[in-house]
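Reader: I am in my first year, and I would like to learn how to read one part of a model slowly and carefully. Please choose a single part and take me through it, explaining each term as you go.

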Amino acid sequence: MNKDQKNEAIELLKSKFSQYNNFYITNTESLTVAQVNNLRRVCFDKNVEMKVAKNTLIRKALESLDAEKYAGVYDALNGVTALMFSDSPKEPALIISSFRKDNKKSEKPELKAAFVGDEVYTGDAQLATLVKIKTKNELIGDVIGLLQSPAKRVLAGLLEKAKKEGAGAEAPAAE
């Protein structure tokens, strides 16, 4: 790779890091070509972009954007690295978990680090935590549900009271 190719790769990575608030750094080293292709297909179907890049180029791209912001992920940049970019904070975690189950409890792809929002999660042990993260839409749904709950109880109480009052009142007799 010559200098121009490296600069081009860094610029591409910078645009991806700028485009997405969430990215995962994974190790796919022991996966077969068929498994990697299957993983790429699953990522594509779930709107997750998967890129393989050299660690030094990834680091240079992150440092040129904001060295302090991404400092927590630099230690994860070793070995074979595949990046997973997503708008959803938990979709890559779900893909990794599901892929492992489908491949006879394989340990790969291994989560090296994840940058979600402004938080850094390091190590494969964080995968379970990342799977449980709620998306923005899930949080909005929870808040709406909480706000609707008291109103529904009040309405149900008023309707019940109206039914009791309506059943207690006698209809006037016809003469």
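**A close look at helix 2**

Author: Let us begin in the sheet, where Thr26 has its bridge partner, Ala82, in strand 3. The model is a predicted one, in which local features need pLDDT of at least 70 and side-chain atom pairs count only at pLDDT 80 or more, while totals for chains, interfaces and linings use all residues. Residues are numbered from 1 along each chain as its sequence is written, and side-chain values use heavy atoms, with hydrogens and water left out.

Strand 1 (residues 22–27) and strand 3 (residues 82–86) run antiparallel and are joined by 5 bridges; two strands are said to pair if DSSP finds at least two bridges between them. Helices (H or I, at least four residues) and strands (E, at least two) are DSSP runs, numbered from the N terminus.

Helix 2, which covers residues 33–45, packs on the sheet and touches strand 2 and strand 3, where contact means heavy atoms within 4.5 Å. The direction of helix 2 makes about 145° with that of strand 2; such angles run from 0 to 180 degrees between N-to-C directions, the axes being lines fitted to C-alpha atoms, for helices over the stretch in contact.

Along its own length, helix 2 has 13 residues and reaches 18 Å from its first C-alpha to its last, which is close to the 18 Å expected at 1.5 Å a residue. That expected span is 1.5 Å times one less than the number of residues.

Which residues of helix 2 are buried? They are Val36, Leu39 and Cys43, where buried means under 20% relative accessible area, exposed means over 50%, and partly exposed lies in between (1.4 Å probe, protein chains only). Seen down the axis of helix 2, the buried residues fall within an arc of 60°, so they line one face of the helix; the arc is that of the directions from the helix axis to the C-beta atoms. An α-helix has 3.6 residues a turn, so residues three or four places apart point the same way.

What covers these buried residues includes strand 2, strand 3 and helix 4 (91–102). On the other side of helix 2, by contrast, Val33, Ala34, Phe44 and Asp45 are exposed. Just after the helix, finally, Asn47 takes a positive phi of about 60°.
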